[in-house]
Amino acid sequence: MIASEKNITKLNPIFGFKGFDKDFKCRDKQYKENSVEEFDGEPAICSKGLHFCEHPLDVLSYYPAADSRFAQVKGSGKMDKEKGDNKDTKVCCTTLKIGAEITLPKLIDAAVKFVFERTTKTRTKNNSLKNKQCGNTLNSGAASNSGYRGAASNSG
(Lines give C-alpha, C1' and ligand atoms only; values in the text may rest on other atoms or scores of the structure.)
Protein backbone atom coordinates (compact mmCIF):
# COMPACT_ATOMS: atom_id res chain seq x y z
CA MET A 1 0.00 0.00 0.00
CA ILE A 2 1.46 3.37 -0.97
CA ALA A 3 0.68 6.06 1.55
CA SER A 4 -1.38 8.94 0.32
CA GLU A 5 -0.54 12.49 1.34
CA LYS A 6 -3.43 12.52 3.83
CA ASN A 7 -2.11 9.39 5.62
CA ILE A 8 1.23 11.04 6.41
CA THR A 9 1.04 12.78 9.77
CA LYS A 10 3.39 14.26 12.31
CA LEU A 11 2.50 12.45 15.53
CA ASN A 12 3.87 12.44 19.03
CA PRO A 13 6.61 9.85 19.45
CA ILE A 14 5.33 6.26 19.41
CA PHE A 15 7.02 3.48 21.35
CA GLY A 16 7.21 0.06 19.79
CA PHE A 17 9.37 -2.90 18.83
CA LYS A 18 11.52 -3.81 15.86
CA GLY A 19 12.74 -7.15 14.62
CA PHE A 20 16.05 -7.83 12.94
CA ASP A 21 17.85 -10.81 11.44
CA LYS A 22 20.63 -12.55 13.37
CA ASP A 23 23.11 -9.83 12.31
CA PHE A 24 20.88 -6.98 13.56
CA LYS A 25 19.91 -6.08 9.98
CA CYS A 26 16.51 -5.27 8.55
CA ARG A 27 16.10 -5.43 4.78
CA ASP A 28 19.86 -5.21 4.20
CA LYS A 29 20.20 -2.11 6.43
CA GLN A 30 22.57 -2.52 9.36
CA TYR A 31 21.27 -1.22 12.67
CA LYS A 32 23.01 -0.70 16.02
CA GLU A 33 21.71 -0.75 19.57
CA ASN A 34 21.19 2.65 21.19
CA SER A 35 21.37 4.58 17.94
CA VAL A 36 19.14 6.98 16.01
CA GLU A 37 18.29 6.33 12.36
CA GLU A 38 16.95 8.98 9.99
CA PHE A 39 15.02 8.59 6.73
CA ASP A 40 15.00 11.51 4.30
CA GLY A 41 11.71 11.50 2.44
CA GLU A 42 8.06 10.69 2.84
CA PRO A 43 7.43 7.44 4.75
CA ALA A 44 5.16 4.91 3.06
CA ILE A 45 4.01 1.85 4.97
CA CYS A 46 5.47 -1.38 3.53
CA SER A 47 7.46 0.61 1.00
CA LYS A 48 9.92 3.20 2.30
CA GLY A 49 10.95 4.62 5.63
CA LEU A 50 11.82 3.14 9.02
CA HIS A 51 9.36 0.47 10.18
CA PHE A 52 8.42 -0.97 13.57
CA CYS A 53 5.36 -2.42 15.34
CA GLU A 54 3.50 -1.08 18.36
CA HIS A 55 2.36 -4.55 19.49
CA PRO A 56 5.47 -6.53 20.44
CA LEU A 57 4.30 -9.82 18.92
CA ASP A 58 3.48 -8.25 15.54
CA VAL A 59 7.23 -8.22 14.82
CA LEU A 60 7.06 -12.03 14.65
CA SER A 61 5.08 -11.65 11.41
CA TYR A 62 8.26 -10.29 9.85
CA TYR A 63 11.06 -12.00 11.78
CA PRO A 64 10.76 -15.56 13.15
CA ALA A 65 11.31 -15.97 16.89
CA ALA A 66 13.92 -18.73 16.58
CA ASP A 67 16.70 -16.83 14.82
CA SER A 68 15.87 -13.13 15.10
CA ARG A 69 16.82 -10.26 17.37
CA PHE A 70 14.58 -7.57 18.80
CA ALA A 71 14.77 -4.07 20.27
CA GLN A 72 12.43 -1.57 21.82
CA VAL A 73 12.24 1.58 19.68
CA LYS A 74 10.74 5.06 19.60
CA GLY A 75 9.46 6.41 16.29
CA SER A 76 8.97 10.10 15.56
CA GLY A 77 8.92 12.63 12.74
CA LYS A 78 6.56 12.03 9.84
CA MET A 79 4.64 8.76 10.16
CA ASP A 80 2.41 6.44 8.23
CA LYS A 81 0.40 3.74 10.02
CA GLU A 82 -1.45 0.60 8.95
CA LYS A 83 -5.13 1.35 8.47
CA GLY A 84 -8.32 -0.70 8.44
CA ASP A 85 -9.45 -4.05 9.77
CA ASN A 86 -7.12 -7.04 9.96
CA LYS A 87 -3.99 -4.88 9.95
CA ASP A 88 -1.19 -5.25 12.42
CA THR A 89 0.28 -2.34 14.37
CA LYS A 90 3.03 -1.51 11.88
CA VAL A 91 4.25 2.09 11.82
CA CYS A 92 6.58 3.75 9.32
CA CYS A 93 8.47 6.89 10.35
CA THR A 94 11.33 9.20 9.46
CA THR A 95 13.20 9.07 12.80
CA LEU A 96 13.72 5.85 14.75
CA LYS A 97 15.58 5.61 18.04
CA ILE A 98 16.78 2.04 18.52
CA GLY A 99 17.07 0.99 22.16
CA ALA A 100 18.96 -1.91 23.67
CA GLU A 101 18.40 -5.43 22.34
CA ILE A 102 15.76 -7.41 24.22
CA THR A 103 15.32 -11.17 24.49
CA LEU A 104 12.31 -13.14 23.27
CA PRO A 105 11.02 -13.60 26.85
CA LYS A 106 11.19 -9.80 27.34
CA LEU A 107 9.31 -9.34 24.05
CA ILE A 108 6.60 -11.69 25.33
CA ASP A 109 6.46 -9.86 28.69
CA ALA A 110 6.06 -6.59 26.78
CA ALA A 111 3.20 -8.14 24.77
CA VAL A 112 1.34 -9.11 27.94
CA LYS A 113 1.80 -5.59 29.29
CA PHE A 114 0.69 -4.11 25.94
CA VAL A 115 -2.54 -6.13 26.04
CA PHE A 116 -3.44 -5.46 29.65
CA GLU A 117 -2.76 -1.72 29.34
CA ARG A 118 -5.43 -1.63 26.63
CA THR A 119 -8.00 -3.87 28.32
CA THR A 120 -10.57 -2.67 30.82
CA LYS A 121 -12.23 -4.64 33.58
CA THR A 122 -15.94 -4.94 33.06
CA ARG A 123 -18.94 -6.70 34.51
CA THR A 124 -21.52 -6.25 31.78
CA LYS A 125 -23.82 -8.78 30.21
CA ASN A 126 -20.77 -10.02 28.27
CA ASN A 127 -19.49 -11.11 31.67
CA SER A 128 -22.51 -12.96 33.01
CA LEU A 129 -20.68 -16.03 34.35
CA LYS A 130 -18.42 -16.27 37.39
CA ASN A 131 -14.82 -15.05 37.54
CA LYS A 132 -14.65 -13.07 34.32
CA GLN A 133 -12.09 -10.27 34.44
CA CYS A 134 -11.55 -8.76 30.98
CA GLY A 135 -13.48 -8.54 27.74
CA ASN A 136 -13.07 -6.86 24.38
CA THR A 137 -15.66 -6.69 21.63
CA LEU A 138 -13.61 -4.77 19.05
CA ASN A 139 -11.04 -6.05 16.55
CA SER A 140 -7.81 -7.39 18.04
CA GLY A 141 -9.51 -8.59 21.21
CA ALA A 142 -6.95 -9.77 23.69
CA ALA A 143 -8.67 -11.14 26.77
CA SER A 144 -12.09 -12.76 26.95
CA ASN A 145 -13.87 -15.55 28.74
CA SER A 146 -16.60 -17.98 27.78
CA GLY A 147 -16.95 -20.09 30.95
CA TYR A 148 -16.01 -20.40 34.58
CA ARG A 149 -12.56 -19.15 35.62
CA GLY A 150 -11.32 -18.60 32.07
CA ALA A 151 -8.18 -16.49 31.95
CA ALA A 152 -7.30 -15.24 28.47
CA SER A 153 -8.12 -16.31 24.95
CA ASN A 154 -8.44 -14.68 21.57
CA SER A 155 -10.76 -15.51 18.73
CA GLY A 156 -10.23 -12.43 16.57
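A residue is called buried when its relative accessible area is under 20%, exposed when that area is over 50%, and partly exposed in between. This scale serves as a guide to the structure shown above, which is a predicted model.

The surface offers a suitable starting point. Ile108 is found in helix H1, which covers residues 104-117. Its relative accessibility is 41%, and therefore Ile108 counts as partly exposed. Ile108 also belongs to a nonpolar patch on the surface, which it forms with Leu57, Leu60, Val112 and Phe116. Together, these residues have about 400 Å² of accessible area.

From Leu60, one member of this patch, the reader may turn to Phe70. The two residues are 10 apart in sequence, and their C-alpha atoms are 9.7 Å apart in space. Phe70 lies in strand E7, formed by residues 69-81. Because its relative accessible area is 1%, Phe70 is classed as buried.

Another feature to locate is the second largest pocket, with a volume of about 400 Å³. Its lining consists of 19 residues, of which Lys18, Cys26, Arg27, Gly49 and His51 are the closest to the centre of the pocket. Two strands, E2 (14-20) and E6 (50-53), each contribute at least two residues to this lining. The largest share comes from E6, with 4 residues. By chemical character, the lining of the second largest pocket comprises 10 nonpolar, 4 polar and 5 charged residues.

How values were computed. Residues numbered from 1 in each chain as written. Predicted model: local features only at pLDDT ≥ 70, side-chain atom pairs only at ≥ 80, totals over all residues. Heavy atoms only, no water. Patch = residues over 30% accessible without salt bridge, like charges linked within 9 Å, V, L, I, M, F, W, Y side chains within 5 Å. Areas by Shrake-Rupley, 256 points an atom, 1.4 Å probe, with all protein chains shown as cover. Salt bridge = Lys/Arg side-chain N within 4 Å of Asp/Glu carboxyl O. Buried < 20%, exposed > 50% of the residue type's maximum accessible area, 1.4 Å probe, protein only. 1 Å grid on protein atoms, 1.4 Å probe; cavity = no way out; pocket = protein on both sides within 12 Å on 5 of 7 lines; lining within 4 Å. Points joined across faces, edges and corners; volume = space filled by probe spheres on them. Nonpolar A, V, L, I, M, F, W, Y, C, P; charged D, E, K, R; others polar.
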